[in-house]
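I opened my notebook to look up a few things in a structure. Here is what I had on screen.

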Amino acid sequence: MSASFDALGNIVGRYPAADAAAPVVMTGSHQDSVRNAGKYDGLFGIISAIACIKDLKARGKRLPYTLEVVGLGDEEGVRFGTALMSSRAIAGSFEPSWLDKTDERGVSLRSAIEEFGGDAEAWPALNRRGKLAAYVESHIEQGPVLLNEGLPVGVVTAITGAARLRVAVAGLAGHAGTVPMGSRRDALCAAAEMILFVERYCESRRALVGTVGKLSVLPGAINVIPQDVEFSVDVRSGENALWREAVEAFGREFQKIAERRGSSVIVSPVYSADAAPCDADLQDQLAKAIAEQGIAVRHLASGAGHDAMVFPPICPMAMLFVRCGNNGISHHPDETMTADDAEIATSVLLHFFEHFDAAAFASKQGTA
Ligand code: HGY
Ligand code: MN
Ligand code: MN
C-alpha cells in the first residue's frame, strides 16, 4: 500500500485498483483508546484490514475498487472531550470549534495536531462526501453476546446513539467540624444524589444505559466541606428519543436536587451522536461471507459507539463484530480475543472485500 498521514494525523493506506477512476471503499478503525484499555478496541479493525491487503498482495490480486485503510485518531474523545473527531472530518461533520478545546495540560487540539506535523486548518480537505462507495469496519464486540452463543463473529445491525454531559455542582465550602449538618451546602452530597438518579433512571427503563465515569471534588480536603464538584454523564440508547428524554430528565432532576440542597448546578452537553443503522445490503454481504466460512450468522446491535456511526450521511456503512472473551469485558486491560477468532474474522473480511462489487453497489446507491 502507499501510506501517508493526512492533515489531522490519521494514517491512510491505499491499495489502489488498476483503474484510477474506480470507486473507493474505506475500512479501518481508531488508533486511540480509553485510559487503561484493552489491546483490541479499534486497533483490531486496522490490523485485520492490513492483513487482508497483505494476503491480496501476496496473491498479486487487485480489487476492482481502491481499498483505503485508515488508522483514525481520537474516536474516544479522552484527551480533548471531543469524540469521533477524525471520522467526522471524513464524513463532513467536523466541528472547527473543537480545535480550540484543550487537554488537562492546556494544550489545544490545534497545537497538538500542529506539533504532530499535521495541518489543523486543513480539516475540510478530509471531507469525502460523494467520494466513498462504502465504509466497513471490523471491531471486537466489547460485550458478551457472541461469547454466550459460542459464535466467533456477527453482523452489526445498528450502532447505539449517545450523549455525554459535563455536570458542575457548586455548594459552599465550610469547616468540616463546625458547620451544623442542617445548614451545609455540600456539593459532593448533591452530586452523589444526582449520580444515583442517573443509575435509577436508566435501570428503570428498557433499552437505555447510563454511566458516570469521572468525578472531581474541589477542594478535596479532609477538613473542608466540598465547594465544587464536576462529573461526567454518558447515556445511550438505540432509540434516539430515549436518550434525548433522559438528558432532559437529568437536567430537571439535577436542578431540583441542587435547589433543595442550596447548591447550584450547570449541565453542559459535551457530545451526542444519533443511533446509526447499518446498510442492509452490506449486512447481507457480510452475512454471506460468514456463511461461506460455515459459521451460523448472528445479527446484533452495538451498545458501543464506533467511527462507522458518522458515515451514513455520506455513504452506507457496515460492521463485523468479533467475539470478545473474558465475559465480554472491554475498555479494560482484560479485554481479549483468541487468535482463531481473529483469523476467522479476517477471513470473513477478506471474503467480503474480494466479492464486493463496489461499482454496482455505488450505482445502486446513486453515488458516483
Ligand atoms: O464509548 C464508546 O462507545 C466507544 O468505545 N468510543
Ligand atoms: Mn472504545
Ligand atoms: Mn472502538
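My entries below go through the metals, the other ligand, one proline and some backbone angles.

**Ground rules.** I am working with a predicted model, where local features need pLDDT of at least 70, side-chain atom pairs count only at pLDDT 80 or more, and totals for chains, interfaces and linings use all residues. Residues are numbered from 1 along each chain as its sequence is written, chains are lettered from A and ligands numbered from 1 in the order in which they are written, and side-chain values use heavy atoms, with hydrogens and water left out.

**Entry 1: manganese, ligand 2.** Which residues coordinate the manganese ion (ligand 2)? I found Asp41 (OD), Glu76 (OE) and His331 (NE2), at 2.0 to 2.1 Å. Donors here are N, O and S atoms within 2.8 Å of the metal (3.2 Å for Na, K and Ca), and water is not among the atoms, so sites may look incomplete. Along the chain I wrote the donor spacing as D-x34-E-x254-H. Asp41 sits in the loop between strand 3 and helix 1, and Glu76 in the loop between strand 4 (66-72) and helix 2 (85-90), so the pair ties together parts 35 residues apart in sequence. Helices (H or I, at least four residues) and strands (E, at least two) are DSSP runs, numbered from the N terminus.

I checked burial too: Asp41 counts as buried at 4% relative accessibility, and Glu76 is buried at 8%. Buried means under 20% relative accessible area, exposed over 50%, and partly exposed in between (1.4 Å probe, protein chains only).

**Entry 2: manganese, ligand 3.** For the manganese ion (ligand 3), I listed the protein donors His30 (NE2), Asp41 (OD) and His139 (NE2), lying 2.1 to 2.3 Å from the ion. Their spacing in sequence is H-x10-D-x97-H. Asp41 turned up again: this residue bridges the manganese ions (ligand 3 and ligand 2), which lie 3.5 Å apart. Asp41 and His139 link distant parts of the chain, 98 residues apart, with His139 in strand 5 (residues 134-140).

**Entry 3: ligand 1.** What surrounds ligand 1? I noted Glu75, Glu76, Arg164, Arg236, Ala304, Gly305 and His331, each with a heavy atom within 4 Å of the ligand. Then I looked up polar contacts (pairs of N or O atoms within 3.5 Å). A backbone atom of Gly305 is 2.7 Å from an oxygen atom of ligand 1, while polar side-chain atoms of His331 and Arg164 lie 3.0 Å and 3.3 Å from an oxygen atom of the ligand. The protein covers 94% of the 220 Å² of accessible area that ligand 1 has on its own (Shrake-Rupley method, 1.4 Å probe).

**Entry 4: Pro23.** I found Pro23 in the loop between strand 2 (11-15) and strand 3 (24-30). At 17% relative accessibility, Pro23 counts as buried. Leaving out residues up to four places away in sequence, Pro23 touches Pro64, Tyr65, Thr66, Ala133, Ala358 and Ala359, where contact means heavy atoms within 4.5 Å.

**Entry 5: backbone oddities.** Most residues other than glycine have a negative phi, and most peptide bonds are trans. Asp74 has a positive phi of about 55°, and Asp74 is buried at 12%. Ala207 has a phi near 60° and is partly exposed at 42%. Last, I noted that the peptide bond from Leu218 to Pro219 is cis, with omega near -15°. Pro219 lies in the loop between strand 10 (215-218) and strand 11 (224-225).

Notes: Polar contact = N/O pair within 3.5 Å; in protein donor to acceptor, adjacent residues only side chain to side chain.
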